[in-house]
Amino acid sequence: LSPSPTDAATLFSDGALAPGEFLSLTGFGIGPDTGVAYTSDAQWRAPLQLAGVKVLFDGQAAPLLYVQSRQVNVLAPFELSGKTSTTIQVQYNGSLVSSMTVPVSAAAPGIFRSQEGVSSQAVAVNQDGTVNSPSNPAAPGSYVSIWGTGFGSIDPPCATGGLNPFSAVNLNSNVSISAYGAPIGETVSAAYAGSAPGMACGVDQINFQVPFSAHGSTYLYPLVMLGGELPGYSSFAGATIAVQ
């Protein structure tokens with residue numbers, strides 16, 4: 001495997017993982033040659049074993065979304081909350097193919113991108129409900145919604161492998177967004193930071209107002225503050241939205 005798992009939203013690593021964060025594990029021979037995506041069960045849960053692959057965090061099997069010989073996408077269990085490290089073991093066809101111990105932090109936020117590894121464009125929706133893109137930019141001062149993972153826990157907590165409630169549930173932390181675009185950068189507090197209603201547990205939704213100073217391609221960096229206090233947990237890799 002790589003020195004540390006990467007955030008599945010950005011394919012970058014901050015050096016630590018967070019409970020409830022979607023991760024990408026990379027290596028060689030860690031799954032089938034042909035990629036297999038998961039199919040949910042009747043309760044919309046992802047499987048704990050897929051195409052012969054099983055991933056354990058301190059012995060707990062974790063939900064799998066995609067497996068292939070060089071990449072496995074998995075959800076870090078929420079049960080890691082309060083731990084400072086975890087041992088990840090990857091099994092394939094009953095054999096241990098990799099084992100590593102990595103740090104655990106309360107949050108390791110990442111923003112989902114529309115084309116991982118290709119573009120920094122965030123998966124984002126403008127205030128009018130249309131998809132944000134260079135051909136459909138947001139207006140300065142309008143509200144935009146983005147989605148991410150690794151932002152920490154919600155209250156009441158979400159079950160590993162389950163679905164977020166269909167009603168909004170706030171994070172146990174405050175989230176702000178640093179927006180870097182011409183002419184200056186500005187930090188704004190999220191109007192909503194919590195679970196993405198009806199999506200898989202571990203997917204978070206952030207609604208925020210685009211700074212009036214932002215124009216063109218604007219880089220976003222989320223900052224998660226537990227208890228609303230600094231220092232917080234910031235994203236190593238940002239994502240962009242298009243602004244008029």
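In the predicted model, the lining of the second largest pocket is made up, by class, of 11 nonpolar, 3 polar and 1 charged residues. These 15 lining residues include Phe22, Tyr38, Ala46, Leu65 and Ala200, which lie nearest the centre of the pocket, and the space enclosed amounts to about 180 Å³. The largest pocket, for its part, holds about 260 Å³ of space and has a lining of 19 residues, with Pro19, Phe78, Ser81, Gly152 and Ser153 lying nearest its centre. Its lining divides into 10 nonpolar, 7 polar and 2 charged residues.

Besides these pockets, 2 cavities of 30 Å³ or more were found. The largest cavity, with about 80 Å³ of space, is lined by 17 residues, and Asp7, Phe12, Ser13, Asp14 and Glu21 are those that lie nearest its centre; by class, the lining comprises 9 nonpolar, 5 polar and 3 charged residues. The second largest cavity has a volume of about 60 Å³, and its lining is divided into 6 nonpolar, 5 polar and 1 charged residues. Among the residues that line this second largest cavity are Pro19, Phe78 and Gly152, which are also among the residues nearest the centre of the largest pocket. Cys158 likewise contributes to the lining of the second largest cavity, as do Gly202, Val203 and Asp204.

Cys158 is, in addition, a partner in a disulfide with Cys201, for which the S to S distance is 1.7 Å; a search of the whole structure finds 1 such link. Because Cys158 lies in the loop between β12 (143–149) and β13 (173–180), whereas Cys201 lies in the loop between β15 (192–195) and β16 (204–209), the pair ties together parts that are 43 residues apart in sequence. The link is left-handed, with -55 degrees about the S-S bond, and both Cys158 and Cys201 are buried.

Turning to the strands, an open sheet of 4 strands is present, in which the order is β5-β4-β8-β9 and the pairing is antiparallel. Strands β5 (60–61) and β9 (95–103) stand at the edges of this sheet, and each has a single partner strand, so that one side of each is left without a neighbour in the sheet. At the β5 edge, strand β4 (residues 53–57) runs antiparallel to β5 and is joined to it by 2 bridges, and Leu56 stands opposite Ala61 in β5.

Note on methods. Residues numbered from 1 in each chain as written. Predicted model: local features only at pLDDT ≥ 70, side-chain atom pairs only at ≥ 80, totals over all residues. Heavy atoms only, no water. Pairing = 2+ DSSP bridges. 1 Å grid on protein atoms, 1.4 Å probe; cavity = no way out; pocket = protein on both sides within 12 Å on 5 of 7 lines; lining within 4 Å. Points joined across faces, edges and corners; volume = space filled by probe spheres on them. Nonpolar A, V, L, I, M, F, W, Y, C, P; charged D, E, K, R; others polar. Disulfide = S-S within 2.5 Å. Buried < 20%, exposed > 50% of the residue type's maximum accessible area, 1.4 Å probe, protein only.
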